Amino acid sequence: MNEAAFRAEQQKALQSAQTGAIDAEAVITGMRLTDGSWHVLSRYGDPVWTLPGSLFAASTKDSQKKLNFARVPTAYRETLRACMARYILLGVEGRVRPRGGTVVEFFKNTLQFLVWLDDKGVSSLRVVTPLVAQQYVEVRRGEKLSASTLRLRFSAIETLHILSQHTADPMPHPWPESSAKHLAGLTGDNTPQRQESKTAIIPDEVLRTLFQAAVDELDRADEIIGLQAQIAGWQTQGRSPRSIDLRLAKQGWRAGEINRAARDLQTACMVIILVTSGIRVSELCSLVNGCAYTKQDDVGDTYHWLRGVAYKTGTGPCEWLVTELTHRAIAVAERLAHPLQARLEQSMSAMGRDNPSDPEITRRSEHAHRLFLVRSKKCRRVGTLSGSWVIGRLNAFAAGCGLDWRFTPHQFRRTFAVYAAHSAFGDLRYLRDHFKHWSLDMTSLYAMNREQDAELYDEVGSAALDIKHDLLEHWLQPDAILTGGAAEPIRTFRAKNEELVTKESRAEMAKTLSPLVHVRATGVAWCTADTGGCNGGQGVEKTRCGDCANAVIDEAHKPVWQGIYKQQLELLELTDIGPGGAERVERDIARCKAVLAELGAAEQDLSDTEAATEERTANDDI
């Protein structure tokens with residue numbers, strides 16, 4: 001079927017939906033084949049409609065692309081069929097055309113409502129009064145669902161109301177004086193206060209173990225992929241399974257172990273890419289051969305980039321700033337995918353010889369260059385890993401590392417945002433080498449490439465704002481120990497209780513002050529100067545922040561200043577630094593002593609450090 005005929009058939013489906021004169025053979029969905037023709041996936045009268053893969057993320061299972069009308073109560077089946085036809089083909093006026101996930105979500109949420117109506121003995125949308133709709137609202141509220149989930153449930157009913165106006169059974173507005181957002185508790189006085197993201201970040205100790213295990217697996221890539229190639233070669237030569245097992249045994253391996261090792265290696269690549277890029281699981285599954293590239297800036301610095309597809313926001317092709325290790329993981333993933341990619345190409349060539357218009361060729365071509373492929377044990381079919389399969393793999397990999405942690409789809413992205421934000425604030429944490437570029441100005445980073453994931457920058461910015469709020473709230477605590485030139489104004493401010501009682505809490509006060517206070521990390525202090533030109537904490541003069549009028553130093557910096565103090569004592573023992581060097585060391589020691597004393601370090605602790613340094617120097621001389 002050519003495109004003109006295909007579109008004409010879809011128009012027949014719309015007419016069926018609007019007039020009620022059912023044309024069961026009218027086309028609803030289809031897919032474009034490699035030769036330019038169209039293959040029909042669903043007709044109006046089919047009990048199950050299949051949506052085209054082009055409407056979904058690469059990580060979506062085939063079973064999640066179907067609408068099963070057999071599950072709809074008989075009284076509402078034709079009405080919902082008409083509503084779904086209009087929703088798929090036209091959408092809702094004033095809104096963007098829905099993608100596959102939105103269509104399926106609407107169908108599921110509407111189905112719940114219709115089943116509830118049927119159980120209540122309500123057999124027509126015409127008689128769904130606001131009172132009936134309110135009863136449904138109360139039922140859903142009683143299930144203690146999240147506000148966002150409630151909004152989706154109630155928004156589906158609003159959409160059903162709109163779409164049903166073009167059918168023979170129009171539904172009155174379910175809540176004329178309200179809205180789904182309000183009923184879900186997301187407006188006015190019901191709006192929840194801004195709070196930390198519900199998605200928990202991966203704890204440092206879990207991420208440290210997981211990431212190190214992934215890197216260790218990556219270091220074994222040549223051995224594992226080499227063994228896979230050997231097995232493939234022996235199979236091509238016609239060697240028996242027993243012969244292959246014997247050859248592997250001489251190398252200390254069994255065939256099953258190699259398969260598991262290859263699976264773990266593929267999962268390790270996923271871990272490294274997710275942790276160091278901030279991409280979603282669906283975007284991970286979109287990656288194809290050649291998705292990694294590098295670019296140099298004007299001063300010769302190399303930046304590593306990753307290309308993929310952002311499905312959730314509808315952005316489409318998108319790019320992310322990543323690390324050299326990310327590229328290494330992608331290169332290994334490409335090598336692992338090559339045998340399955342070759343299998344796909346062979347199967348498509350065979351199908352093409354039998355029937356060039358076989359729609360299965362188009363379906364398989366969608367996966368032909370993807371990096372994260374799997375072969376189903378049941379049907380031996382090769383395809384892209386689904387999102388749930390990826391999460392399952394990650395959980396299994398973590399369990400193999402001895403970790404008791406269950407991952408969720410958004411967790412890696414949320415963790416990336418928090419780590420990047422901490423890096424921007426000078427707290428480089430465990431993965432400092434992989435987040436060091438986030439210590440640059442984020443505006444400059446985004447300006448490097450306008451194809452980047454803008455929403456990821458928003459998430460990093462939000463995480464950075466949370467860090468700043470927490471920092472200011474800590475400074476406002478009466479017992480928080482602060483030093484530095486800017487510490488005294490803060491102590492004076494928090495001592496004035498009348499300034500604080502106008503807010504419900506110090507957290508609220510911190511949020512009020514946040515836009516008014518510039519905070520930058522120097523590594524040894526927090527800098528509140530907003531005029532630029534400060535080099536505090538950089539180069540060899542690490543102690544400059546100690547007596548700067550714009551510096552705030554809190555307990556978190558105490559170990560840093562203790563380390564600097566110890567190093568300066570060692571420098572003082574040197575005999576070849578000259579009078580100028582000695583004078584500078586004496587000045588830095590004095591700064592360290594002053595800071596540490598303000599932070600609560602006892603004089604005895606400072607003396608013990610000096611004594612330990614002198615003793616070690618004496619032993620070195622011996």
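Histidine 304 and valine 322 in E7 are bridge partners, and they make a good place to start in this predicted model. Their pairing belongs to a larger arrangement: strand E6 (residues 302-310) and E7 run antiparallel, joined by 7 bridges. The two strands form a hairpin with 5 residues between them, and there glycine 314 takes a positive phi near 75 degrees. Now look at what surrounds strand E7 (residues 316-322). Because 6 of its 7 residues are buried, E7 is largely enclosed by the rest of the structure.

From here, let's turn to the nonpolar interior. The largest nonpolar core has 73 residues. Leu306 is among the residues with the most contacts inside this core, alongside Ile273, Leu284, Leu287, Phe372 and Leu394. Helix H10 (residues 255-277) is the element that gives the most to this core, contributing 12 residues. Leucine 394 is worth a look in your viewer. Leaving aside residues up to four places away in sequence, leucine 394 touches Thr267, Met270, Val271, Leu274, Phe407 and Phe412. There is also a second, separate core, made of 49 residues, and Phe107, Phe113, Val132 and Ala133 are included in it.

Further along the chain you will find an open sheet of 4 strands. Its order is E10-E13-E12-E11, and the pairing is antiparallel. Strand E10 (482-483) and strand E11 (520-521) stand at the edges with a single partner strand each, so one side of each has no neighbour in the sheet. For E11, the antiparallel pairing with strand E12 (residues 526-527) covers 2 bridges. Here arginine 520 stands opposite cysteine 527 in E12.

Our last stop is helix H23 (residues 578-598), where a little arithmetic is a handy check. At 1.5 Å a residue, its 21 residues should span 30 Å, and the end C-alpha atoms are 31 Å apart, which agrees. How are the buried residues of H23 arranged when seen down its axis? They fall within an arc of 165 degrees, so they line one face of the helix. These buried residues are Val585, Asp588, Ile589, Arg591, Cys592, Val595 and Leu596, a list that takes in Asp588 and Arg591 as well as Val585 and Leu596. On the other side of H23, by contrast, Pro579 and Glu583 are exposed. Just after the helix comes glycine 600, with a positive phi of about 100 degrees.

Technical notes: Residues numbered from 1 in each chain as written. Predicted model: local features only at pLDDT ≥ 70, side-chain atom pairs only at ≥ 80, totals over all residues. Heavy atoms only, no water. Core = buried A, V, L, I, M, F, W, Y, C linked by side-chain atoms within 4.5 Å. Buried < 20%, exposed > 50% of the residue type's maximum accessible area, 1.4 Å probe, protein only. Contact = heavy atoms within 4.5 Å. Pairing = 2+ DSSP bridges. Expected span 1.5 Å × (residues − 1). Arc of directions from axis to C-beta.
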